Amino acid sequence: MKHIKVADLMTDEVVSAAPGTAFKDVAKLLAQYDISGVPVLDDEDRVMGVVSQTDLLAHAGPGPGSSWQNGTAGEPPTAGDVMSAPAVTVRAEETAADAARLMTRRAIERLPVVDVEDRLVGIVTRRDLLRMFLRPDSEIRRRINDEILAEALGVPTEDVDVHVVDGVVTLEGHVERRSQLPPLLGLVEQLEGVVAVASHVTARTDDTAATHADQARHAMPW
């Protein structure tokens, strides 16, 4: 099966900042390019951290309790002062689904994309990843029939009816062996664009009992 990679969705022209970029200049970049955050790069384009709108608001000043009031209590902060670090990054060859799970787990809106030397090559955002869920139902159905049933599992497509409505997949029919059921469900759930799966597929024969018996026999200490 072919999976959408981060490289297929990322933006390779990235707005970035240096550690010494002034606080206000970072805010201007976000407003100018209508973006919610920028990676902070060192002199070799390695990602040191990320400055988001949340980071800027958390350090907004001057005001009561701030560390830079009227220029008398220190200089205004820079990108290096307010960035979230270390940065959470992703490789271009990783799947979009993995990137989406990482964003959700870390509660972040964007992922700098880096090469094997951790140099910035692009950026992928939640908005970019949403594109993989905008696949037409007809394309999802075709991929299930061609790539999963026929190619991966060797199941005749006429044996399983595939219905897709707004990304929700319903499977009905039968396969030859019970051992084919778990991979069928797992592969369909991993397919880009699939929101949920309801499987009503049954098996003609139960080959799992024989498999378990073989495993038990081989495990006996004769």
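In which loop does Asp-207 lie? In this predicted model, Asp-207 belongs to the loop between β8 (196-205) and α9 (208-219).

**Figure 1. Surroundings of Asp-207 in the loop between β8 and α9.** Once its neighbours within four places in sequence are left aside, Asp-207 is in contact with Arg-177, Arg-178 and Ser-179. For one of these partners, Arg-178, the C-alpha to C-alpha distance from Asp-207 is 6.1 Å, although the two residues are 29 residues apart in sequence.

**Figure 2. Helix α7 and its bend at Ile-144.** Helix α7 comprises residues 137-152 and bends by about 25 degrees at Ile-144. Ile-144 is itself buried, as are Ile-140, Arg-143, Asn-145, Glu-147, Ile-148 and Leu-149 of this helix. In an α-helix, residues three or four places apart point the same way, because there are 3.6 residues a turn. Among the elements that cover the buried residues of α7 are the strands β6 (160-165) and β7 (168-177), together with helix α8 (181-190). Just after α7, Gly-154 adopts a positive phi of about 65 degrees.

**Figure 3. The open sheet of three strands, in the order β3-β4-β5.** Pairing within this sheet is mixed. Its edge strands are β3 (90-91) and β5 (120-125), each of which pairs on one side only. Strand β4 (residues 110-114) is joined to β3 by two bridges, and these two strands run parallel. Val-90 has Val-113, in β4, as its bridge partner. Helix α5 (residues 96-106) packs on the sheet and touches β3, β4 and β5. The direction of α5 makes about 130 degrees with that of β4. In general, the strands of a sheet pair through backbone hydrogen bonds, either parallel or antiparallel.

**Figure 4. The largest pocket and its lining.** The space within the largest pocket amounts to about 390 Å³. Its lining consists of 15 residues, of which Asp-34, Ile-35, Ser-36, Ile-123 and Thr-125 are the closest to the pocket centre. Strand β5 and helix α6 (126-130) each supply at least two residues of this lining. The element that gives the most is α6, with three residues. Strand β5 thus appears in two of these views: as an edge strand of the sheet, and as a contributor to the lining of the largest pocket.

Key: Residues are numbered from 1 along each chain as its sequence is written. This is a predicted model: local features need pLDDT of at least 70, side-chain atom pairs count only at pLDDT 80 or more; totals for chains, interfaces and linings use all residues. Side-chain values use heavy atoms; hydrogens and water are left out. The bend at a residue is the angle between axes fitted to the seven residues ending there and the seven starting there. Helices (H or I, at least four residues) and strands (E, at least two) are DSSP runs, numbered from the N terminus. Buried means under 20% relative accessible area, exposed over 50%, partly exposed in between (1.4 Å probe, protein chains only). Contact means heavy atoms within 4.5 Å. Two strands pair if DSSP finds at least two bridges between them. Axes are lines fitted to C-alpha atoms, for helices over the stretch in contact, and angles run from 0 to 180 degrees between N-to-C directions. On a 1 Å grid over the protein atoms alone, a cavity is a set of points where a 1.4 Å probe fits but cannot get out, and a pocket is an open set with protein on both sides within 12 Å along at least five of seven lines; lining residues have an atom within 4 Å of a point. Grid points are joined across faces, edges and corners, and a volume is the space filled by probe spheres set on the points.
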